[in-house]
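Reader: Please take a close look at one part of this protein. Start from a single residue, then place it in its wider setting.

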Amino acid sequence: MLRRRRLHRGPHLAILLAAALVAAGCALGPPDDGEVASPPNLPPPTSGSVADGPPSVVATVITQGLSVPWGIAFLPDGSALVTERDTKRIVRVSADGATVTPVQTIDEAQPGGEGGLLGIAVSPDYDTDGLIFIYYTTATDNRIARLTLGGPPEPIVTGIPKASNHNGGRLAFGPDGYLYASTGDAGRRELSQDLGTTAGKILRMTKDGQPAPGNPFPDSLVWSYGHRNVQGLAWDSEDRMYATEFGQNTWDEINLIEPGRNYGWPEVEGIGGRDEYTDPIQVWPTSESSCSGAAIAGDVLVAACLRGNRVWLLALADGALASPPVAALVGQYGRLRAAATAPDGSIWVSTSNRDGRGQPTEDDDRILRLVVSGGGTAGISLL
C-alpha cells in the first residue's frame, strides 16, 4: 500500500505576508557601449531555516525587458542562462542582474502555443565539459539536446510527443548527477499511463540521453508516470524530489516524487484516495495556483504560479508540509513562471506576462530575486 500524507487544501489557513519591493537599478537588455551598470542593493539570503514560524519573502526586480523567460540555469560564476520561449534565444544574465547578453538562438525550435524553447540545465561538470542541456519543441516533437554555448544542439532524446499545450519542458540535474526532464501528456490523456511513451512522465537520464542506472523500469527513461503536465522540479536538503503539476479544472498539485510511482492522471486529479495512485502533498484550486517553476531555499519550497499570480511558500519536513502554505506577492508581478535557486541561496523567479495570457507592463518580462526566511519547524505539529 502506498503511503498517504495529509495535506492542506487551499489558502484558508495561509498567512499572506507583505513583500517589500526594492527598485533595482538594472539595464534593460545589453548595456550600451561604455555603459557601466551599478549593481542593485541586494539583501543577503538566509542560510537555511533560521526562524520558526511561517516563511516569508522579500522580492527585488533585478532584470527587465525579457520576452517570456521560461527556464533559468546558473553557471559556476553565478551568472544565469535564461531561455526565451518565443524568441528562441538563450541570454546570459549577470549575477547581479545588471546586464543581459544574448548568447545564441536555437533555430531548430518552433514556438507555438505553449511550445518553443523551454527548459535549460547546466552540467554539474561544466568547468570540465562545458555542456548545456535544453528542451525545445520542433515541427514534429519535443526533444532534449546538449550543446556548448554558441555551438549547434546535439539531440539526445527525441520523439517526446508535442501539442499546442501540455509540453512539459523542465530540465534539472538532481543531487545524484543525473538529468531529469518533465514532459506533458500533449493533450492525449491516455499517454500518461502508457509506460511505452515518454509523454506525461518525469524522465531520468545520463548526459548522453540513456536511461540512468537505477531507473525503476528496465531500459526506460521513465522515473515516474501518471502526470498531466509537470513544469517544476526541486530537491530538498535530504535529496527528496518535488514537482509542480497543472491539473485540469479543479486541483493543481505539489507532489513528492518517488521512483516508479504512478501519480494518477487521467484517472485522478488532486486527491484520489486509491491505493494504486500516489496522492499529492498539497493541492489548490486552479484559480489560486497553476504553478510552473519550483525551487527550494533551506526548508522552504517556492512555487511560481501563472494563473494564481503569486508564489506559494511551503515549509517542508520529512517529505510533507510542516505548516500551512503561505501565499506571497499576490498580484504584484502578474504571471510567474520559472524558479531556480541561485548559488548565493536566493531564488530567481521570472514573470510570464508577454506569453499572450498576461497583462504586461512596459518593464515586462522581469526576473525577481527572492530572499526567503522563516519556515522553521521547531514546535510545529505535523498535521
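Between which two strands is the loop in which Gly 209 lies?

Author: Gly 209 sits in the loop that runs from strand S13 (201–205) to strand S14 (222–225), where strands are DSSP runs of type E with at least two residues, helices are runs of H or I with at least four, and both are numbered from the N terminus. The model is predicted, so local features need pLDDT of at least 70 and side-chain atom pairs count only at pLDDT 80 or more, while totals for chains, interfaces and linings use all residues. Residues are numbered from 1 along each chain as its sequence is written, and side-chain values use heavy atoms, with hydrogens and water left out.

Because its relative accessibility is 7%, Gly 209 counts as buried (under 20%; exposed is over 50%, partly exposed in between; 1.4 Å probe, protein chains only). Leaving aside neighbours within four places in sequence, Gly 209 has contacts with Ile 156, Val 157 and Leu 221 (heavy atoms within 4.5 Å). One of these partners, Leu 221, is 12 residues away in sequence, with a C-alpha to C-alpha distance of 8.4 Å from Gly 209. The other two, Ile 156 and Val 157, belong to strand S10 (154–160).

Strand S10 leads to a second loop, the one before strand S11 (171–173), and Asn 167 is found there. Asn 167 also counts as buried, because its relative accessibility is 1%. Residues up to four places away aside, Asn 167 touches Glu 114, Gly 115, Leu 118, Tyr 135 and Asn 142, as well as Pro 161 and Lys 162. On the other side in sequence, Asn 167 touches Ser 182, Thr 183, Gly 184 and Asn 229.

Strand S11 in turn takes part in the lining of the largest pocket (on a 1 Å grid over the protein atoms alone, an open set of points where a 1.4 Å probe fits, with protein on both sides within 12 Å along at least five of seven lines; lining residues have an atom within 4 Å of a point). Strand S3 (69–74), strand S7 (117–122), helix H1 (126–129), strand S15 (230–235), strand S19 (291–297) and strand S24 (336–341), like S11, each supply at least two residues of that lining. For the second largest pocket, Glu 114, Phe 246, Ser 290, Leu 306 and Arg 357 are the closest to the centre, out of 20 lining residues. Glu 114, then, both touches Asn 167 and belongs to that central group. The lining of the largest pocket comes to 33 residues, with Ile 72, Ala 172, Phe 173, Ala 340 and Thr 341 nearest its centre. Ala 172 and Phe 173 of this group fall within strand S11.

Another buried residue, Leu 314, is part of strand S21 (residues 310–317). Leu 314 counts as buried because its relative accessibility is 0%. Neighbours within four places aside, Leu 314 is in contact with Ile 254, Gln 282, Trp 284, Asp 299, Val 300, Leu 301, Leu 321 and Pro 325. Pro 324 is 10 residues from Leu 314 in sequence, and their C-alpha atoms are 7.3 Å apart.

As for the wider setting, the secondary structure comprises one helix and 26 strands. The protein has 383 residues, and 59% of them count as buried. Among contacts with a separation of 6 or more, 56% are between residues 24 or more positions apart.
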